[in-house]
Amino acid sequence: MQVVATSDEELMAQVKADNLDQMVPLFERYQGPLFGFLCRLSGGDTEVGQDLTQNVFYRAMKYRASYQPGQPVRAWLYQLARHVHADHWQKSRRQQPVADIEGVERTASHGRAAQANCQSADQKQALQEALNLLPAEQREILVLHRFQGFDYTEIGEMLGCTAGAARVKAHRALEALRKVYFS
């Protein structure tokens with residue numbers, strides 16, 4: 001007997017109709033990818049990634065009525081994740097003093113020094129450090145495209161721009177990452 005998997009959109013339609021048990025399969029499908037996305041945006045901090053992932057699913061339940069039938073659930077959940085991440089860091093910025101430019105330069109120089117004689121694990125860490133030095137908008141578009149596999153059309157929908165504009169933004173972000181990583 002072959003079991004036919006229910007589509008994300010069908011599950012979300014049931015969740016929207018207050019059949020909240022149908023959120024479980026969506027959680028099982030997206031918890032890992034969303035966790036990875038949020039960890040990368042949060043500089044590799046797994047505790048923050050776990051908290052933010054939990055908040056995404058909390059908001060998905062709370063704001064389920066905002067889901068529009070036919071809208072890709074994957075894009076909707078990542079949009080929620082982007083908002084959860086932005087809200088978290090806005091709150092954090094209000095609570096912490098702004099880093100001075102010398103501190104940012106020291107971080108960059110430490111990243112460059114670590115790259116000089118690093119192996120695979122060190123290269124991943126150096127890449128994460130370089131990503132952390134990018135503005136949030138550039139880091140986000142790179143993570144969505146390169147690490148989460150979204151195409152430019154999907155990214156454009158999330159960012160409220162065309163696929164072409166998303167491609168340009170991704171290209172500029174990649175160039176900025178190259179400058180930071182290789183400097």
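**Glu140 and helix 2**

User: Which residues does Glu140 touch, leaving aside those up to four places away in sequence?
Analyst: Counting contacts as heavy atoms within 4.5 Å, and skipping residues up to four places away in sequence, Glu140 touches Phe37, Leu41, Arg82 and Leu159. This is a predicted model, where local features need pLDDT of at least 70, side-chain atom pairs count only at pLDDT 80 or more, and totals for chains, interfaces and linings use all residues. Numbering runs from 1 along each chain as its sequence is written, and side-chain values use heavy atoms, with hydrogens and water left out. So, by that 4.5 Å rule, the partners are Phe37, Leu41, Arg82 and Leu159.

User: Is Glu140 buried or exposed?
Analyst: Glu140 sits in helix 7, residues 136–147 (helices are DSSP runs of H or I, at least four residues, numbered from the N terminus). Its relative accessible area is 11%, and the cut-offs are under 20% for buried and over 50% for exposed, partly exposed in between, with a 1.4 Å probe and protein chains only. So Glu140 counts as buried.

User: Which residues of helix 2 are buried?
Analyst: Phe37 and Leu41, both touched by Glu140, are among them. The full set in helix 2 is Met23, Leu26, Tyr30, Leu34, Phe37, Leu38, Cys39 and Leu41.

User: Where does helix 2 bend?
Analyst: Helix 2 covers residues 23–41 and bends by about 45°, the angle between axes fitted to the seven residues ending at a residue and the seven starting there. Pro33 follows within four residues of the bend, which falls at Tyr30.

User: What phi does Gly43 take?
Analyst: Gly43 comes just after helix 2. Its phi is positive, about 70°.

Note on methods. Helix = DSSP H or I, 4+ residues; strand = E, 2+ residues; numbered from the N terminus.
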